[in-house]
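Let's walk through this fold together, from the whole chain down to single residues. Keep the sequence and the 3D view side by side as you read.

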Amino acid sequence: MKLYAYVRVSTRQQSLKRQIENIMSADGGAYAGATFFSDRFTGSTLDRPEWNRLYKRFQPGDTVVFDSVSRLSRDAEDGAALYEELYQKGIDLVFLNEPHCNTECYRQAAAAASIPATGNEIADIYIEATNQVLMLLARRQIAIAFEQAEKERHDIQTRVRDGMRAAKLEAAQHGIEKTYGLAPGTKLTTRKSIAAKAVIVKHSKDFNGTLDDPEVIKLCGISRNTYYRYKRQLKAGQ
């Protein structure tokens, strides 16, 4: 039986730090020893390579911890289906923000409501019906959790948007132009670009080096397009 944790964000700009810290500190550090898997993806793709890798490892009795039910899947329908599949396979799911959705809650309820096997047809029907009711309840709880998570996300976006609008309006009333992000025409300089440009200047034949472009690209560890963009910037004195 192994302990895993799964964290996910919807864009590469978002940080996984909060989810990781929540899991590491939950229940007095009970999940601090979990093996973490993480994914970042945008709305244009549903690919979750790390989740797929984790999924292949699952064995009955394993536990996987999530910060929230919404990290399990992109929507309530898929999340409920995946929940039921893992539940039936004997995988324990723990959701820190929605503990009432933990599989353990339903396993305990199923055990308490179960009837010892007697070979009695009526008893078997009762057991099956009880399990179906419990899973329907689990599905409904997951749907509610997804709806709540979506509402919270929408509320945060609305508050940020309203706050920016109010700040911009207040600034305009005082004759100040309020802008967010980089000013138009501003170029963002990163440590990665600085390091890559230093390698290009030192090793490229176009500057002070002896290496051809393909060799310098490999040395920099950047894409071909990025390499030639950096070269153009260097020649332009940027």
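Two strands are taken to pair if DSSP finds at least two bridges between them. With that in mind, look at one such bridge: F66 has F95 in β4 as its bridge partner. We will come back to this pair once the wider setting is clear. Please bear in mind throughout that this is a predicted model.

Start with the chain as a whole. Its secondary structure amounts to 8 helices and 4 strands, and reading along the sequence gives the pattern β-α-β-α-β-α-β-α-α-α-α-α. Of the 238 residues in the chain, 32% are buried. The accessible surface is about 15400 Å², and carbon and sulfur atoms account for 53% of that area. If you take the contacts between residues at least 6 apart in sequence, 61% of them join residues at least 24 apart.

Now turn to the strands. In which order do the 4 strands lie in the sheet? The order is β2-β1-β3-β4, in an open sheet with parallel pairing. At the edges stand β2 (35–40) and β4 (92–95); each has a single partner strand, so one side of each is left without a neighbour in the sheet. On average, neighbouring strands of this sheet are turned by 25° against each other, direction ignored. As a general reminder, strands of a sheet pair through backbone hydrogen bonds, either parallel or antiparallel.

Let's cross the sheet strand by strand, beginning at the β2 edge. β1 and β2 pair in the parallel sense over 6 bridges, and here Y4 stands opposite T35 in β2. On the next step, strand β1 (residues 3–9) pairs with strand β3 (residues 63–66), again in the parallel sense, over 3 bridges. Y4 stands opposite V64 in β3, while the bridge partner of A5 in β3 is V65. Strand β1 is mostly covered, with 6 of its 7 residues buried.

One helix to place against these strands is α2 (residues 49–57), which packs on the sheet and touches β1, β2 and β3. The direction of α2 makes about 145° with that of β2. A residue to pick out in helix α2 is N52. Is N52 buried or partly exposed? N52 has a relative accessible area of 38%, so it counts as partly exposed. Between the C-alpha atoms of N52 and F37 there are 9.9 Å, and the two residues are 15 apart along the chain.

The last step across the sheet takes us from β3 to β4, which run parallel and are joined by 4 bridges. This is where our opening pair belongs, with F66 bridged to F95 in β4, and V64 stands opposite L93 in that strand. In a regular strand the side chains alternate between the two faces of the sheet. You can follow this in β3, where T63 and V65 point one way and V64 and F66 the other way, all of them buried. In β4, D92 and V94 point one way and L93 and F95 the other, and here too all are buried.

Before leaving this part of the chain, stop at the loop between α1 (17–25) and β2, where D27 is found. Phi of D27 is near 50°, a positive value in a residue other than glycine. D27 is exposed, with a relative accessible area of 58%.

Finally, move along the chain to a pair of helices. Two packed helices are described by the angle between their axes and the distance between the axes. For helix α6 (residues 191–203) and helix α7 (residues 213–220), the axes come within 10 Å and cross at roughly 145°. What is the handedness of the crossing of α6 and α7? The crossing is right-handed. On the α6 side, A196, V199, I200 and H203 take part in the contact, meeting V216, L219 and C220 in α7. Sorted by class, this contact of α6 with α7 has 6 nonpolar residues, 1 polar residue and no charged ones.

Notes: Residues are numbered from 1 along each chain as its sequence is written. This is a predicted model: local features need pLDDT of at least 70, side-chain atom pairs count only at pLDDT 80 or more; totals for chains, interfaces and linings use all residues. Side-chain values use heavy atoms; hydrogens and water are left out. Helices (H or I, at least four residues) and strands (E, at least two) are DSSP runs, numbered from the N terminus. Axes are lines fitted to C-alpha atoms, for helices over the stretch in contact, and angles run from 0 to 180 degrees between N-to-C directions. Contact means heavy atoms within 4.5 Å. Buried means under 20% relative accessible area, exposed over 50%, partly exposed in between (1.4 Å probe, protein chains only). Accessible areas come from the Shrake-Rupley method with a 1.4 Å probe; for residues, only the protein chains shown count as cover. A crossing is left-handed if the near helix is turned anticlockwise from the far one by less than a right angle, and right-handed if clockwise. Ala, Val, Leu, Ile, Met, Phe, Trp, Tyr, Cys and Pro count as nonpolar, Asp, Glu, Lys and Arg as charged, and the others, Gly among them, as polar.
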